[in-house]
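Hi,

Here is the structure I said I would pass on. Have a look at it first, and then read on for what turned up.

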Amino acid sequence: RREIARVGAKNVFLGGASQGCCTALHAAATWSGPPLGGFVGTQGHLLSCTTWPKNFGNGETPVRIYNGLDDTTMPWHSWVASTFDPLKKGSSNLRIQL
């Protein structure tokens with residue numbers, strides 16, 4: 001909240017890699033303030049305890065997810081892909097790049 005007070009919500013971005021992506025997605029999903037500047041995550045997934053908002057950021061907050069298909073720790077097709085289904089329904093500004 002201090003950063004947002006200093007620079008404005010549109011200038012604050014969340015992101016992370018691997019488990020950091022999972023944690024940052026949870027933080028973004030539970031944020032109740034004005035729309036943020038954006039989200040960037042790599043090689044992560046949406047946690048099962050995270051409820052993704054139906055209209056995340058009023059469609060104003062870009063969400064960018066980058067994942068590799070050769071990741072054996074977090075395999076895309078057999079596990080990770082389906083965790084992003086709630087984002088597909090609740091984020092009009094979502095791009096997932098594999």
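How exposed is E3, going by its relative accessibility? E3 has a relative accessibility of 44%, so it counts as partly exposed. Bear in mind that this is a predicted model, so treat everything below as computed from it.

I started with E3 because it takes part in a salt bridge: its partner is R6, with the closest N and O atoms 3.0 Å apart. Both residues sit in helix α1 (residues 2-7), three residues apart, or about one turn of the helix. R6 comes out as exposed, since its relative accessibility is 59% and the cut-off for exposed is over 50%.

In total there are three salt bridges. Another one that sits within a helix is D85 with K88, at 3.8 Å from N to O. These two belong to helix α4 (residues 85-90), and because they are three residues apart there, about one helical turn separates them. D85 is partly exposed, at 34% relative accessibility.

The remaining pair is E60 and K10, whose side chains meet at 3.5 Å, N to O. What does this pair tie together? E60 is in the loop between β2 (38-42) and β3 (63-66), while K10 is in the loop between α1 and β1 (13-17), so the salt bridge links parts that are 50 residues apart in sequence. As for accessibility, E60 is partly exposed with a relative accessible area of 42%, and K10 is partly exposed with 42% as well.

Now the sheet. It is open, has four strands in the order β1-β2-β3-β4, and the pairing is parallel. β1 and β4 (94-97) are the edge strands, each pairing on one side only. On average, neighbouring strands are turned by 5 degrees against each other, with direction ignored.

If you want to look at one strand pair in detail, try β1 and β2: they run parallel and are joined by five bridges. A handy place to begin is F13, which stands opposite G38 in β2.

Finally, there is a helix to view together with the sheet. Helix α2 (residues 19-30) lies across β1, β2 and β3, and it runs at about 150 degrees to β1.

That's what I have for now. Shout if you'd like to go through any of it together.

Cheers

Note on methods. Residues are numbered from 1 along each chain as its sequence is written. This is a predicted model: local features need pLDDT of at least 70, side-chain atom pairs count only at pLDDT 80 or more; totals for chains, interfaces and linings use all residues. Side-chain values use heavy atoms; hydrogens and water are left out. A salt bridge is a side-chain nitrogen of Lys or Arg within 4 Å of a carboxyl oxygen of Asp or Glu. Buried means under 20% relative accessible area, exposed over 50%, partly exposed in between (1.4 Å probe, protein chains only). Two strands pair if DSSP finds at least two bridges between them. Axes are lines fitted to C-alpha atoms, for helices over the stretch in contact, and angles run from 0 to 180 degrees between N-to-C directions. Contact means heavy atoms within 4.5 Å.
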